[in-house]
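Biologist: I would like to take a close look at a single part of this model and then see how that part fits into its surroundings. Please go through it slowly, as you would for someone in a first year of study.

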Amino acid sequence: MKQPFARPVPAEAEAAGSARRPRAFAPGDAPALPERIEPISDAPAPDLDAAAEPRRLGWLWRVAGIAGGLLLSLAVGLAAERLIADLFAAQPWLGWLALGLAAALVLALLGIAVREVGAVLRLDSLERLRRRADAVLENDRNREGAAIVRELGHLYARRPELARPLAQIEGDSRQVFDGAEQVRLAERLLMAPLDARARTLTAASARRVALVTTVSPRAVVDITFVAYESIRLGADIARLYGARPGVIGTWRLAGAVLAHLAVTGGLVLTDGVVEQLVGQGLAAKLSARLGEGVVNGLMTVRVGIAAMRVVRPLPFAALRQPLVKDFVPELANVLNTETAR
């Protein structure tokens, strides 16, 4: 093996190397960066959470609604008073019977009104809880995160399917000192089973809409069933997350879902759905009625996803939000079965 040996460096090279100085830049040579960098696109990004808020009526509409309701109540009360008086004049026992029925009706209406007010307040509490969770994800305050976890515990305390996640959160949250991480922990343990159930409800509703649209002979039947199924799906998802909406709450929820779809492009098939349909060869196999079925089913999926964003007490931070393309295989299997028949 050849032994290594050192070669002497010429004096000229050593002198040239010692004479070289490091390159330096003057402060004035560096370009000055602007204090604020403008975005590439001038179009602002849509705020999805703000889009979920229902649009409030103006004060004129509120005054008109209250005045009309009071006037209608006075008219109904006067008609009932005349009816009871006439029954007393005809037969006293008929008058007492009518008076008892009127009292029962008033008590039932008061109970319904109290329940409706409670349902609306519960929807508002879920919306406020989601806003607070958004704020904690930004400021990372531990006390606010712990308060949100406690409120979620009270909200789902009577749900037997969430007993184990609630016990796990109570033990693990003591070791977490970041507010944002507490919110993410609650989302992973509590929202994951509820999200899975919401996906199941949405897929089942989309399958029903696709099948009914495919076999129904009239367009009126399609529109009526799609509207009914959309309202039913929104109410089911709201009850799943703990809202329990009544009649007024359901209509308010429907308005919030429609507002969310209007802002986020509810009438556009995004998320690569069209590409997946063409890629699977379904566009060449489906007839016109089957095509209408799959489109209505995908629109129902959009309604379900929007309802999840509106009534979910926590934002999508640790878990992935479901997309329309996640439900395409479900609709494809249903439509392929219908085509085989």
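In which helix does Asp195 lie?

Modeller: Please keep in mind from the start that this is a predicted model. Asp195 lies in helix α7, and with a relative accessible area of 1% this residue is buried, because buried here means under 20% relative accessible area.

If we set aside the neighbours within four places in sequence, Asp195 is in contact with Tyr241, Met308, Arg312, Phe316 and Leu319. The last of these partners, Leu319, is 124 residues away from Asp195 along the chain, and yet the C-alpha atoms of the two residues are separated by 9.4 Å. The whole protein can be described in a similar way, since among its contacts with a separation of 6 or more, 77% are between residues 24 or more positions apart.

Tyr241 is a useful partner to follow next. Again leaving out neighbours within four places in sequence, Tyr241 is in contact with Asp195 and with a list of other residues that includes Leu126, Leu155, Tyr156, Met191, Leu194 and Ala198. From later in the chain, Met308, Val311, Arg312 and Pro313 are also among the contacts of Tyr241. Met308 and Arg312 therefore appear twice in this account, as contacts of Asp195 and as contacts of Tyr241.

Tyr241 also leads us to the largest nonpolar core, which has 36 residues, and where Tyr241 is one of those that touch the most other members, together with Ile148, Leu152, Tyr156, Leu190, Val311 and Leu314. Helices α4, α5, α6, α7, α8 (219–240) and α12 (288–311) each supply at least two residues of this core, and the largest share, nine residues, comes from α7, the helix that holds Asp195. A second, separate core has 11 residues, including Ala206, Ala210, Val301 and Phe327. As a general background, nonpolar side chains in soluble globular proteins tend to be buried together.

Two of the core residues just named, Ile148 and Leu152, are buried residues of helix α5, as are Gly145, Ala147, Val149 and Leu155. The buried residues of α5 pack against α4 (92–139), α6 (163–172) and α7 (179–215). Helix α5 itself covers residues 142–155, and its 14 residues reach 20 Å from the first C-alpha to the last, close to the 20 Å expected at 1.5 Å a residue.

The preceding helix, α4, has 48 residues and reaches 70 Å between its first and last C-alpha, which is close to the 70 Å expected at 1.5 Å a residue. Asp140 has its place in the loop between α4 and α5; its phi is near 60 degrees, a positive value in a residue other than glycine, and at 35% relative accessibility Asp140 counts as partly exposed. Helix α4 also packs with α3 (residues 59–90) at an angle of about 155 degrees, with the axes 5 Å apart, so the two helices are roughly antiparallel to each other. Ile84, Leu87, Phe88 and Ala90 of α3 make this contact, and among their counterparts in α4 are Pro92, Leu94, Trp96 and Leu99.

Stepping back to the protein as a whole, its secondary structure comes to 13 helices and zero strands, and buried residues make up 33% of its 341 residues. The accessible surface comes to about 22300 Å², with 63% of that area belonging to carbon and sulfur atoms.

Definitions and conventions: Residues are numbered from 1 along each chain as its sequence is written. This is a predicted model: local features need pLDDT of at least 70, side-chain atom pairs count only at pLDDT 80 or more; totals for chains, interfaces and linings use all residues. Side-chain values use heavy atoms; hydrogens and water are left out. Helices (H or I, at least four residues) and strands (E, at least two) are DSSP runs, numbered from the N terminus. The expected span of a helix is 1.5 Å times one less than its number of residues. Buried means under 20% relative accessible area, exposed over 50%, partly exposed in between (1.4 Å probe, protein chains only). Contact means heavy atoms within 4.5 Å. Accessible areas come from the Shrake-Rupley method with a 1.4 Å probe; for residues, only the protein chains shown count as cover. A nonpolar core is a set of buried Ala, Val, Leu, Ile, Met, Phe, Trp, Tyr and Cys residues joined through side-chain atoms within 4.5 Å. Axes are lines fitted to C-alpha atoms, for helices over the stretch in contact, and angles run from 0 to 180 degrees between N-to-C directions. Angles under 35 degrees count as roughly parallel, over 145 as roughly antiparallel, 65 to 115 as roughly perpendicular and the rest as oblique.
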